Each structure stands twice: as C-alpha cells, then as structure tokens.
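Visitor: Got a minute to look at a structure with me? I'd like to go through the charged pairs and then the packing.

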Amino acid sequence: MHWIGPEDRARWIAAGLGEHDARIAATCVMFGLRPDDLSQFVAGRTVAERLRSGESVRSLRQQMAPDRRSDTG
C-alpha cells in the first residue's frame, strides 16, 4: 500500500487488509467504503474477510444495508 500516507495505510491494515491489498483498498475508496466498514458483517462474515477471499467490493457494497454504510448517499 505505497499509494497512501502512513496513517491511512495503518487504518486499512488495522481494519483487516494486508500489506499487499492496495488494490482492494483503492477499490473500497472508489465505492465509498472506509476502513471502519471492513468490520461490518455481511451474511455471517466481515467485509474484510469476504474481500480477502476474493469477493468484489461492488458486490459487498450492494449487500451492505444502507444505514450501515459509512456514507449516507
């Protein structure tokens, strides 16, 4: 995750992404997700777990309840 500052990098890693998950973090940002969103559960697993297993950010974003998303729009 060399494309973001150290503070943001630490947040994404603390949220469950690994050192080499910069592409996932970038896609999350593109879809309006923040590190805090990765701890939410979708169908029994956290968003972070589902992303790291290969599920798409787009799919997860659609499954997240509107009131549980970080943004309000």
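Visitor: Is Asp8 buried or exposed?
Guide: Asp8 sits in between: it is partly exposed, at a relative accessible area of 36%. Here buried means under 20% relative accessible area, exposed means over 50%, and partly exposed is what lies in between, with a 1.4 Å probe and protein chains only. Bear in mind that this is a predicted model, where local features need pLDDT of at least 70, side-chain atom pairs count only at pLDDT 80 or more, and totals for chains, interfaces and linings use all residues. Side-chain values use heavy atoms, leaving out hydrogens and water, and residues are numbered from 1 along each chain as its sequence is written.

Visitor: Which side chain does Asp8 meet in a salt bridge?
Guide: That's Arg11, at 2.4 Å from N to O. A salt bridge here is a side-chain nitrogen of Lys or Arg within 4 Å of a carboxyl oxygen of Asp or Glu. The two are three residues apart in helix α1 (residues 6-14), so about one helical turn separates them. Helices are DSSP runs of H or I with at least four residues, strands are E runs of at least two, and both are numbered from the N terminus. Arg11 is partly exposed too, at 39%, and Glu7, Asp8 and Arg11 are linked in a network of salt bridges.

Visitor: How many salt bridges does the structure hold?
Guide: Five. Among them is Arg9 with Glu19, at 2.1 Å from N to O. That pair links distant parts of the chain, with Arg9 in helix α1 and Glu19 in the loop between α1 and α2, 10 residues apart.

Visitor: And what does Arg52 form a salt bridge with?
Guide: Asp21, with the closest N and O atoms 2.7 Å apart. Arg52 lies in helix α3 and Asp21 in the loop between α1 and α2, so parts 31 residues apart in sequence are tied together. Asp21 counts as buried, at 12% relative accessibility.

Visitor: New topic: what pattern does the protein follow along the sequence?
Guide: It reads α-α-β-β-α-α.

Visitor: How many residues are in the largest nonpolar core?
Guide: It has 16, and Trp12, Leu17, Cys28, Leu38, Val47 and Leu51 have the most contacts inside it. Such a core is a set of buried Ala, Val, Leu, Ile, Met, Phe, Trp, Tyr and Cys residues joined through side-chain atoms within 4.5 Å.

Visitor: What is Cys28 in contact with?
Guide: Leaving aside neighbours within four places in sequence, Cys28 is in contact (heavy atoms within 4.5 Å) with Trp12, Leu33, Leu38, Leu51 and Val57.
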